[in-house]
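Please read this note beside the sequence and the structure shown below. The points are numbered and may be taken one at a time.

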Amino acid sequence: MKTLKSRLRKKVEASYLVQGEDVLLYDKALDLIKKANNLQFEEFNFLVFDEDSFDGDKVIDALETLPMASEKKVVLLKNITNVSAEFKKKLREYLNKPVLTTCLVIFDFFNKFDFIISEKVSAKRLDDASLRDLILAELKNKRIAHDAITLLIESCCNYYSLIKNEVDKLISCEDEEITIKTIDSLVCKETEFTVFELTDALSKRDADKSVALLNLMEKDTKTFSLILNHFRRLFFVAVSEESDREMAELLGVKEYAITKARALARNFSKLQLKNIYEMLNDVDFYIKNGQMQVENALYYLIFGILYC
């Protein structure tokens, strides 16, 4: 967001393409863009088209219509998944000669607008150093231990949108200094992180911690699918020679997930991961055919992995 701020100070472009997986960063980018355009009378000059209201002709008409009682207007396309070839052609033509009083912003969570040439804005998960600065700035005078910041970032899987909610809780707590104990007691850990923790505990053959973590998770098909997909990813990463970026594209996940998986995969042998992968597929078959309940399957898997 610092980069976007500096770019907006120099020049406000006719269009911005926002892509990434952190929802809160989309909203922060939009706020900065609206402010840079000095948007007035938003009820007339801020138009939003989402998946339900999207109409290609109406979008082009909105882009070409002059603002009302304001120097600029902003048109937002939000999470559109069905983009026709006809609209692609019309949008390209418009962007070749855009109306200077209109700023187009596209929230492209599903990467459907890579076909256009536009100013790119990243809403990807931030790195640890950037998040650390944001956390310290928002906590203001509240003291927090270095390892507590690290745990907070990991617990929220580097999502600023999740961290922001947790920081608000931490500010209100009575502890003079926020420690790991504070984070453990107050922060809601993202399920994705709990799966990482579970994998780490399994790799260390820590049965007590593995069972304790599983007890914190929902015993449903969603949790089973997360564990299944997670170990599949570990297996593919372990046996593949592709880069993190190439693996992310092949598996349809973010590069961050591959980087994390590669670190965890080192705790298992390739043979162990192969056996776990086959066991997961077997259990998946048993669940789908009604031969095993999900809750029983999860405990079966945990102990199967512990002693494989």
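The points below treat the strands, the cores, one helix, the salt bridges and some backbone angles of a predicted model.

1. Strand β4. Where does β4 stand, enclosed or open? All six of the six residues of β4 are buried, so the strand is largely enclosed by the rest of the structure. Its two faces are both covered: Thr 102, Leu 104 and Ile 106 are buried on one side, and Cys 103, Val 105 and Phe 107 are buried on the other. As a general point, side chains in a regular strand alternate between the two faces of the sheet.

2. Partners of β4. Strand β1 runs parallel to β4, and four bridges join the two; Leu 17 stands opposite Ile 106 in β4. Strand β3 also pairs with β4 in the parallel sense, over six bridges. Val 105 in β4 is the bridge partner of Leu 76. Between β3 and β4 the chain passes through helix α5 (residues 85–96), and this β-α-β crossover is right-handed.

3. The nonpolar cores. Which residues have the most contacts inside the largest nonpolar core? They are Val 105, Ile 135, Leu 152, Ile 163 and Ile 183, in a core of 42 residues. Among the elements that give two or more residues to this core are β1, β3, β4, α6, α7 and α8. Helix α2 supplies the largest share, six residues. Another core, of 36 residues, lies apart from this one and includes Leu 214, Val 237, Met 247 and Ile 305.

4. Ile 163 and helix α7. Leaving aside neighbours within four places in sequence, Ile 163 is in contact with Leu 131, Ile 135, Leu 152, Ile 153 and Cys 156. Leu 152 and Ile 153 are also among the buried residues of α7, together with Ala 148, Ile 149, Leu 151 and Ser 155. The cover over these buried residues includes α6, β6, α8, β7, α9 and α10.

5. Salt bridges. How many salt bridges does the structure hold? The structure holds 14 salt bridges. In general, side chains of opposite charge can pair when their charged atoms come close. Glu 278 and Lys 274 meet in one salt bridge, at 2.8 Å from N to O. Both residues lie in helix α15 (residues 270–288), four residues apart, about one turn of the helix. An α-helix has 3.6 residues a turn, so residues three or four places apart point the same way. Glu 278 is partly exposed, at 37% relative accessibility, and Lys 274 is partly exposed at 37%. Salt bridges that share partners also join Asp 57, Glu 86 and Lys 90 into one network.

6. Two further pairs. Asp 200 and Lys 204 form a salt bridge at 3.0 Å, N to O; Asp 200 is partly exposed, at 22%, whereas Lys 204 is exposed, at 56%. In the salt bridge of Lys 11 with Glu 13, the closest N and O atoms are 3.9 Å apart. Lys 11 is exposed, at 52%, and Glu 13 is partly exposed, at 24%.

7. Positive phi angles. Most residues other than glycine have a negative phi. Ala 69 has a positive phi, near 55°; this residue lies in the loop between α4 and β3 and is exposed, at 59% relative accessibility. Arg 205 has a positive phi near 60°. Its place is in the loop between α10 and α11, and Arg 205 is partly exposed, at 33%. Cys 157, which follows α7, has a positive phi near 55°.

Notes:
Residues numbered from 1 in each chain as written. Predicted model: local features only at pLDDT ≥ 70, side-chain atom pairs only at ≥ 80, totals over all residues. Heavy atoms only, no water. Buried < 20%, exposed > 50% of the residue type's maximum accessible area, 1.4 Å probe, protein only. Core = buried A, V, L, I, M, F, W, Y, C linked by side-chain atoms within 4.5 Å. Contact = heavy atoms within 4.5 Å. Pairing = 2+ DSSP bridges. Right-handed = clockwise from strand over helix to strand, strands pointing away. Salt bridge = Lys/Arg side-chain N within 4 Å of Asp/Glu carboxyl O.
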